[in-house]
Amino acid sequence: MALFLRPTVIPFPAPKRFSKPVKMAINTSFSSISVKRKLPILLFDVMDTLVRDPFYQDVPAFFRMPLKELLEIKHPTAWIEFEKGQINEMELATKFFKDGRPLDLEGLKECMRRGYSYIDGVEALLHSLKQKNYEMHAFTNYPIWYTMIEEKLKISTYLSWTFCSCTTGKRKPSADSYMEVLQRLGVEPSNCIFIDDRIINVEAAVQSGMVGLHFKNAASLQQDLALLGIEITKIKT
């Protein structure tokens, strides 16, 4: 829940276009099976890329204070610890505020739950990519409350909640978070497209060898993906 400024997009080197699926050998205890894995793999940040983040408007309203004041009185590391799975939600409640004031945990959770919604145009784009059989994963900094997002929006209809910081213990933009993704997927970095609204996370993805796209809105993302050769069925408007 830290506040980040979003600077102007930095122009990245033009990446290659992607085309045909790639045959991969999967070793099992019984045999080696040759299968086709469609590349590239798409990695999506979630908050403010796929899903509206309630923190910047709804949460300050819940606490009846401006965002600036909330940022000044909340504990500087409690939310990050919660995102990394180092503390649970009850521990978060005891240290959410620097001065130790009580937190209405259930009220905050309900406020967050009400505020979750798809970014305009994103669900249609995900549906289109799913129809084209692209492998898609969430790669997000978020606590166990991602389950509330799933309950409301059913994001797993389109992608897997594979890389959440609360389960990996690693947060973007640290280099080890990207290495964790690449090791678990077992593909070359250049075969991954990472999409995030925060430029610092996109820059880190590019540093790891991935193709990085800075998310601004669904329409511009669709254009960026098309330029990379990603198949997208016509989206009804």
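Helices are DSSP runs of H or I with at least four residues, strands are DSSP runs of E with at least two, and both are numbered from the N terminus. Helix 9, the subject of one view below, is followed by Gly186, whose phi is positive, near 70°. The model shown is predicted.

**View A. Overview of the protein, a predicted model with 11 helices and seven strands.**
Of the 237 residues in the protein, 49% are buried. The protein exposes about 12,200 Å², and carbon and sulfur atoms supply 54% of this area. Among contacts between residues at least 6 apart in sequence, 65% join residues at least 24 apart.

**View B. Packing of helix 6 (residues 122-131) with helix 11 (residues 218-227).**
Two packed helices are described by the distance between their axes and the angle between them. Here the axes of helix 6 and helix 11 come within 9 Å and cross at roughly 25°. Angles under 35 degrees count as roughly parallel, so helix 6 is roughly parallel to helix 11. The crossing of helix 6 and helix 11 is right-handed. Helix 6 makes the contact through Val122, Leu125 and Leu129, and helix 11 through Ala218, Leu221, Gln222 and Leu225. By class, six residues in the contact of helix 6 with helix 11 are nonpolar, one is polar and none is charged.

**View C. The loop between helix 6 and strand 4 (136-140), with Asn133.**
Asn133 is not a glycine, yet has a positive phi of about 65°. Its relative accessible area is 60%. Exposed means over 50%, so Asn133 is exposed.

**View D. Met148 in helix 7.**
The relative accessible area of Met148 is 4%. Buried means under 20%, so Met148 is buried. Not counting residues up to four places away in sequence, Met148 touches Lys109, Met112, Arg113 and Tyr116. One of these, Lys109, is 39 residues from Met148 in sequence, with a C-alpha to C-alpha separation of 8.6 Å.

**View E. Lys154, in the loop between helix 7 (146-153) and strand 5 (160-164).**
Lys154 has a positive phi of about 55° although it is not a glycine. With a relative accessibility of 43%, Lys154 is partly exposed.

**View F. Surroundings of Trp161 in strand 5.**
Trp161 counts as buried, at 14% relative accessibility. Leaving aside neighbours within four places in sequence, the residues in contact with Trp161 are Val46, Ala138, Thr140, Tyr146, Ile149, Glu150, Ile155 and Ser156. Among them, Tyr146 and Ile149 fall within the residue range of helix 7 (146-153), while Ala138 and Thr140 fall within that of strand 4 (136-140). Trp161 and Phe44 are 117 residues apart in sequence, and their C-alpha atoms are 9.8 Å apart in space.

**View G. The loop between helix 8 (165-168) and helix 9, with Gly169 and Pro173.**
Gly169 has a relative accessible area of 31% and is partly exposed. The C-alpha atoms of Gly169 and Lys84 are separated by 4.5 Å, although these residues are 85 residues apart along the chain. Further along this loop is Pro173. The peptide bond from Lys172 to Pro173 is cis, with omega near 10°.

**View H. Cis peptide bond at Pro40, in the loop between strand 2 (32-37) and strand 3 (41-44).**
The bond in view joins Leu39 to Pro40. Its omega is near 5°, and the bond is cis.

**View I. Helix 9 and helix 10 (residues 199-207), with the elements packed against helix 10.**
In helix 9, the buried residues are Ser177, Tyr178, Glu180, Val181, Leu182 and Leu185. In helix 10, Ile199, Asn201, Val202, Ala204 and Ala205 are buried. These buried residues of helix 10 pack against helix 9 (175-185), strand 6 (192-196) and strand 7 (211-214). Each of the two helices is followed by a glycine with positive phi. After helix 9 comes Gly186, with phi near 70°; after helix 10 comes Gly209, with phi near 105°.

Note on methods
Residues are numbered from 1 along each chain as its sequence is written. This is a predicted model: local features need pLDDT of at least 70, side-chain atom pairs count only at pLDDT 80 or more; totals for chains, interfaces and linings use all residues. Side-chain values use heavy atoms; hydrogens and water are left out. Axes are lines fitted to C-alpha atoms, for helices over the stretch in contact, and angles run from 0 to 180 degrees between N-to-C directions. Angles under 35 degrees count as roughly parallel, over 145 as roughly antiparallel, 65 to 115 as roughly perpendicular and the rest as oblique. A crossing is left-handed if the near helix is turned anticlockwise from the far one by less than a right angle, and right-handed if clockwise. Contact means heavy atoms within 4.5 Å. Ala, Val, Leu, Ile, Met, Phe, Trp, Tyr, Cys and Pro count as nonpolar, Asp, Glu, Lys and Arg as charged, and the others, Gly among them, as polar. Buried means under 20% relative accessible area, exposed over 50%, partly exposed in between (1.4 Å probe, protein chains only). Accessible areas come from the Shrake-Rupley method with a 1.4 Å probe; for residues, only the protein chains shown count as cover.
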